[in-house]
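Work through the exercises below with the model open. Each task is followed by a stepwise solution.

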Amino acid sequence: MLRSIESAAAKRMAATCFAWALAMSAGSAFAADAGDNATWKDGKHVYDKVCGYCHDDGRVGPELLGRQLPAAYAAAIVRHGFRAMPAFPASYIDDASLQKVGEFIATAPAPKK
Amino acid sequence: MSDKSAKGLLPQGVDRANFDQAIAKFRNLLGAENVLVEEQQLVPYQKVMMSTEDANHAPSAAVTATTVEQVQGVVKICNEHKIPIWTISTGRNFGYGSAAPVQRGQVILDLKKMNKILEVDPDLGTALVEPGVTYQQLYDYLQEHNYPLMLSFSAPSAIAGPLGNTMDRGVGYTPYGEHFMMQCGMEVVLANGDVYRTGMGGVEGNNAWQVFKWGYGPTLDGMFTQANYGICTKMGFWLMPKPPVMMPLEFQFPKETDIADIVEFIRPLRIAQIIPNSVVIAGTVWEAAAAGARRSDYIKEPGHTPESVLEQVRKDKNLGAWNVYACLYGTQEQVDVNFKIVDGAFKALGRGRLLTQKEAGNTQPFKYRSEMMMGIPNLQEFGLYNWRGGGGSMWFAPVSQARGSECDKQYALAKSILNKHGLDYAGEFIVGWRDMHHVIDVLYDRTNEEETRRADACFNELLDEFEKRGYAVYRVNTRFQDRVAQSYGTVKRKLEHTLKRALDPNNILAPGKSGIDLNNKF
């Protein structure tokens, strides 16, 4: 087993080069997506692309905006989930972005009806 | 639920010293911040919707990788210390096990951070992505670049991803709705560390990896889906050209007994591609819940919902007993011609009601159904979870022929078993091409232990009774994967374990996935 892993080194190098070439050929995609923390621009971005789909207008989950919910409360629900609300690990929403979306939810005004 | 804490948990058959050594190597390879062992860090991976304790699917650790080389490194360490790993992409497989491992103590290999859209070719209509790319991310990318292409996705579209969904052979609602059929080219890290590319991917300098599926000799892509023979780190797939006109249609039928005739009406149109998309025939509860109805709005008594109540729900939410969604695509001229054919067949059927955008406007569930058929992400279908509340959901998904008599039989059987256990039929038939994915959400209140036990008994009985009649599911949650493997016969299981021994002799890749585990006797 070990031997076969070692003997794959050359192939791995080839794979790396190929991946690098692909990255260069799709430069704009990489720039947009590079780095895990670059995934989320700010708290509103997380809200719009994840939370809002269910929570806007209370269409599936409860309305969150305009209720001054503490950021720590939102963070706890995101990490633990709650009943049907799924849990999101740090790989999906990193700690800094979670803090930002918590602050966004805590301070955003109630949506105009 | 009893307290079986994940603290100090070890993978099966791994002692503390070996585990600690492996964790130290993971930290060295990935950085300490990408090796999660604290209970607080692991909590999000343990949230499941199945009729079993969270603890039965608790991981001992989770590691996150960002490159193929890191995945190779993880595999090497796992071989050295016989550590079983459970790989996830976005971990949004709700009702099928979510992000949690099939066996307690497995280490999660989380690839969400591998989130690069490597290539989209607007001329050929192809994409190549990493595991952590979500449909939302890809949708935004297409919009930003103004590419005339559209996506096909399952209902958790915005937050799930194409690689994971396709690897689990999930389906969507557009003409490209059979997602694995549209897959073209995979990169897989094997248990021995090799990086294998399917199709044309192994040919030096070749650029047809995303356009020609078969390559040369054995075509092995399917072997890696719903399986544990490798870790998919890149996937290519085809994207449908966005047509100038899309015309969503809904046909409502008032009676449960209409199902057989509905299927006979739809099948010829679907097989001939007059209606090219994965048509859906959805029952009352599914559509009502997606439109915001809760069972508790109508009835407080436990048990299954009586027919009289369902009839009231239909009236209030303007639904049929069956609600059929189809979409026509093309130029205005093409859509007009196909609509004339479809409308003619519908009128010949002599019952039901046809709704278009004009009649339905922005009402639910027509709106979200239309969006899914047009490749626009939304999460409206999560309304299903509010029907009973309490976070319990398990998909029971038997396959059938696209034949009226078969669907009638499956529907009656499923409903009687669900009702016997005090649960409702929340189901839909998704017309593949010649098959039906009969997808039923076994919804229950997971905060209620008694109801959870009933849901568990119900799911077991569904599997048993369908099997007796020659039916089996195409996919199942991690609690029942070994049970479902039994339905498909011993010869298949022996072959699968022969392959496992050859490709992964240390049994490190997701043992137990689809019932494949070298600790089994096969």
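Helices here are DSSP runs of class H or I with at least four residues, numbered from the N terminus. The model is a predicted one.

**Exercise 1. Place A:Ser97 in its chain and decide whether A:Ser97 is buried or exposed.**

Step 1. Find the element. A:Ser97 sits in helix H6 of chain A, which covers residues 95–107.

Step 2. Apply the cut-off. Buried means under 20% relative accessible area. A:Ser97 has 4% relative accessibility, so A:Ser97 counts as buried.

Step 3. List the partners. Leaving out residues up to four places away in sequence, A:Ser97 touches A:Trp40 and A:Val46.

**Exercise 2. Describe the make-up of chain A: its secondary structure, burial, contacts and exposed area.**

Step 1. Count elements. Chain A has six helices and zero strands. Read from the N terminus, the order is α-α-α-α-α-α.

Step 2. Take burial. Of the 113 residues in chain A, 42% are buried.

Step 3. Take contacts. Consider those between residues at least 6 apart in sequence: in chain A, 51% of them join residues at least 24 apart.

Step 4. Take the surface. Chain A exposes about 6100 Å², and 63% of that area comes from carbon and sulfur atoms.

**Exercise 3. Characterise the largest pocket by volume, lining and residue class.**

Step 1. Volume: the largest pocket holds about 770 Å³ of space.

Step 2. Lining: 31 residues line the largest pocket. Nearest its centre lie A:His55, A:Gly61, A:Pro62, A:Phe82 and A:Met85.

Step 3. Elements: helix H4 (43–55) and helix H5 (71–80) of chain A are the ones that give two or more residues to this lining.

Step 4. Class: the lining of the largest pocket has 22 nonpolar, six polar and three charged residues.

**Exercise 4. Do the same for the second largest cavity: what volume does it have, and which residues lie nearest its centre?**

Step 1. Set the scene. The structure holds six cavities of 30 Å³ or more.

Step 2. Volume: the second largest cavity has about 130 Å³.

Step 3. Lining: 13 residues line the second largest cavity. B:Ser152, B:Tyr176, B:His179, B:Phe237 and B:Trp238 lie nearest its centre.

Step 4. Elements: at least two lining residues each come from helix H5 (162–167) and strand S10 (230–238) of chain B.

Step 5. Class: ten nonpolar and three polar residues form the lining of the second largest cavity, with no charged residues.

**Exercise 5. Split chain B into domains, then locate B:Thr52 and B:Ala360.**

Step 1. Write the bounds. Chain B is divided into domain 1 (6–110), domain 2 (117–241), domain 3 (245–479) and domain 4 (488–515). Over C-alpha atoms, the centres of domain 3 and domain 4 of chain B are 34 Å apart.

Step 2. Place B:Thr52. B:Thr52 is in the loop between helix H2 (39–42) and strand S2 (61–64) of chain B. Its relative accessible area is 7%, so B:Thr52 is buried.

Step 3. Check a pair. B:Thr52 and B:Glu449 are 397 residues apart along the chain, with 9.8 Å between their C-alpha atoms.

Step 4. Place B:Ala360. B:Ala360 is in helix H10 of chain B, residues 357–360. B:Ala360 is buried because its relative accessible area is 7%.

Step 5. Check its surroundings. Not counting residues up to four places away in sequence, B:Ala360 touches B:Leu355 and B:Phe366. B:Phe382 is 22 residues from B:Ala360 along the chain, and their C-alpha atoms are separated by 21 Å.

Notes
Residues numbered from 1 in each chain as written. Chains lettered and ligands numbered in written order. Predicted model: local features only at pLDDT ≥ 70, side-chain atom pairs only at ≥ 80, totals over all residues. Heavy atoms only, no water. 1 Å grid on protein atoms, 1.4 Å probe; cavity = no way out; pocket = protein on both sides within 12 Å on 5 of 7 lines; lining within 4 Å. Points joined across faces, edges and corners; volume = space filled by probe spheres on them. Nonpolar A, V, L, I, M, F, W, Y, C, P; charged D, E, K, R; others polar. Domains from an automatic or database assignment. Buried < 20%, exposed > 50% of the residue type's maximum accessible area, 1.4 Å probe, protein only. Contact = heavy atoms within 4.5 Å. Areas by Shrake-Rupley, 256 points an atom, 1.4 Å probe, with all protein chains shown as cover.
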